Amino acid sequence: MGCCTGRCTLIFLCSLQLLAALERQIFDFLGFQWAPILGNFLQIIVVILGLFGTIQFRPRYIVVYTVWTALWVTWNVFIICFYLEVGGLSKETDLMTFNISMHRSWWREHGPGCIRRVVRPSSPGILEDYSYVSVTGCIIDFQYLEVIHSAIQILLSLIGFVYACYVISIFMEEEDSCKY
């Protein structure tokens, strides 16, 4: 087999997707964003399954990867719409944390160039651990960083989808040729 086959390319793409999902998972954990954490976890599992299916010549696993990839693209389009506030969505809601907490994207306070200032409440009766965080000087706003992450995920997924379909067809052709 040549080195630039569709199978090798799919293995490379799955590896890139795995790295991108792990990176995103880390930052979503830092921001306590439970909905993206759950989605990233499923993405990691299915990409590993697709990687295994590609390496072990198991087309059914690659089909699962392909179906999940379509769902993953849909989820990332939703994330982009959420952070750009398209269609009545608002990034100020607790939707990403399942309304469990008031946490937001980790990038909101820790983006590139951001200067973070914590102001403690001065009035009595307000919880001690509650504080107002002022963020200024960001090179790029957090919502655009989240959109960039989702756009990279979409790009990798669409290319992976195409290669997965190609690899499935190659595996099926090889399977058909072995029957005769």
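The largest cavity in this predicted model holds about 50 Å³ of space. Twelve residues line this largest cavity, and those closest to its centre are Gln33, Lys91, Thr93, Met96 and Arg104. With a floor of 30 Å³ or more, the count of cavities comes to 2.

Stepping back to the overall layout, the chain is built from 5 helices and 2 strands. Read from the N terminus, the order of elements is α-α-α-α-β-β-α, so to speak a run of helices, then the strands, then a helix again. Of the 180 residues in the chain, 37% count as buried.

Helix 2 is a handy place to check the geometry. Its 22 residues, at 1.5 Å a residue, should span 32 Å, and the end C-alpha atoms do sit 32 Å apart, so expectation and model agree. The UniProt record, an unreviewed entry, puts the feature "transmembrane region" at residues 34-55, 62-86 and 151-172. Residues 34-55 come out as 100% helix and 0% strand in the model, with 32 Å between the end C-alpha atoms. Residues 151-172 are likewise 100% helix and 0% strand, and here the end C-alpha atoms lie 31 Å apart.

Next come the aromatic residues. The structure holds 12 aromatic pairs. In one of them, phenylalanine 27 and tryptophan 107 make a tilted pair, 4.6 Å from centre to centre and with 40° between the planes. Phenylalanine 27 belongs to helix 1 (residues 6-30) and tryptophan 107 to helix 4 (residues 107-110), so this contact ties together parts of the chain that are 80 residues apart in sequence. Tryptophan 107 has a relative accessible area of 14% and is therefore buried, the cut-off being under 20%.

Another tilted pair is formed by phenylalanine 32 and tryptophan 34, with 6.1 Å centre to centre and 55° between the planes. Both partners count as partly exposed: phenylalanine 32 has a relative accessibility of 35%, and tryptophan 34 one of 30%. Elsewhere, Trp75, Phe78, Phe82, Tyr83 and Phe142 come together as one aromatic cluster. As for where these residues sit, helix 3 covers 59-83 and helix 5 covers 142-178.

Phenylalanine 32 also stands out for its backbone. Most residues other than glycine have a negative phi. Phenylalanine 32, however, has a positive phi of about 55° despite not being a glycine, and its place is the loop between helix 1 and helix 2 (34-55). Glutamate 85 is another such case, with a positive phi near 55° in a residue other than glycine. Glutamate 85 is found in the loop between helix 3 (59-83) and helix 4. With a relative accessible area of 35%, glutamate 85 is partly exposed. Phenylalanine 57 joins the list just after helix 2, where its phi is positive at about 60°.

That leaves the cysteines. The count comes to 1 disulfide. A disulfide is a covalent bond between the sulfur atoms of two cysteines. In this chain the partners are cysteine 114 and cysteine 138, whose sulfur atoms are 1.9 Å apart. The link between cysteine 114 and cysteine 138 is right-handed, with 120° about the S-S bond. Distant parts of the chain are joined in this way: cysteine 114 sits in the loop between helix 4 and strand 1 (115-119), while cysteine 138 sits in the loop between strand 2 (132-136) and helix 5 (142-178), and the two are 24 residues apart.

The two partners fall into separate accessibility classes. Cysteine 114 has a relative accessible area of 17% and is buried, whereas cysteine 138, at 26% relative accessibility, counts as partly exposed. Cysteine 8 and cysteine 81 can be placed on the same scale. Cysteine 8 counts as partly exposed at 29% relative accessibility, and cysteine 81 is partly exposed too, with a relative accessible area of 24%.

Definitions and conventions. Residues numbered from 1 in each chain as written. Predicted model: local features only at pLDDT ≥ 70, side-chain atom pairs only at ≥ 80, totals over all residues. Heavy atoms only, no water. Phe/Tyr/Trp six-rings, centres within 6.5 Å; stacked < 30°, edge-to-face > 60°. Helix = DSSP H or I, 4+ residues; strand = E, 2+ residues; numbered from the N terminus. Buried < 20%, exposed > 50% of the residue type's maximum accessible area, 1.4 Å probe, protein only. Disulfide = S-S within 2.5 Å. Expected span 1.5 Å × (residues − 1). UniProt positions renumbered as here; feature names shortened; annotations may be inferred. 1 Å grid on protein atoms, 1.4 Å probe; cavity = no way out; pocket = protein on both sides within 12 Å on 5 of 7 lines; lining within 4 Å. Points joined across faces, edges and corners; volume = space filled by probe spheres on them.
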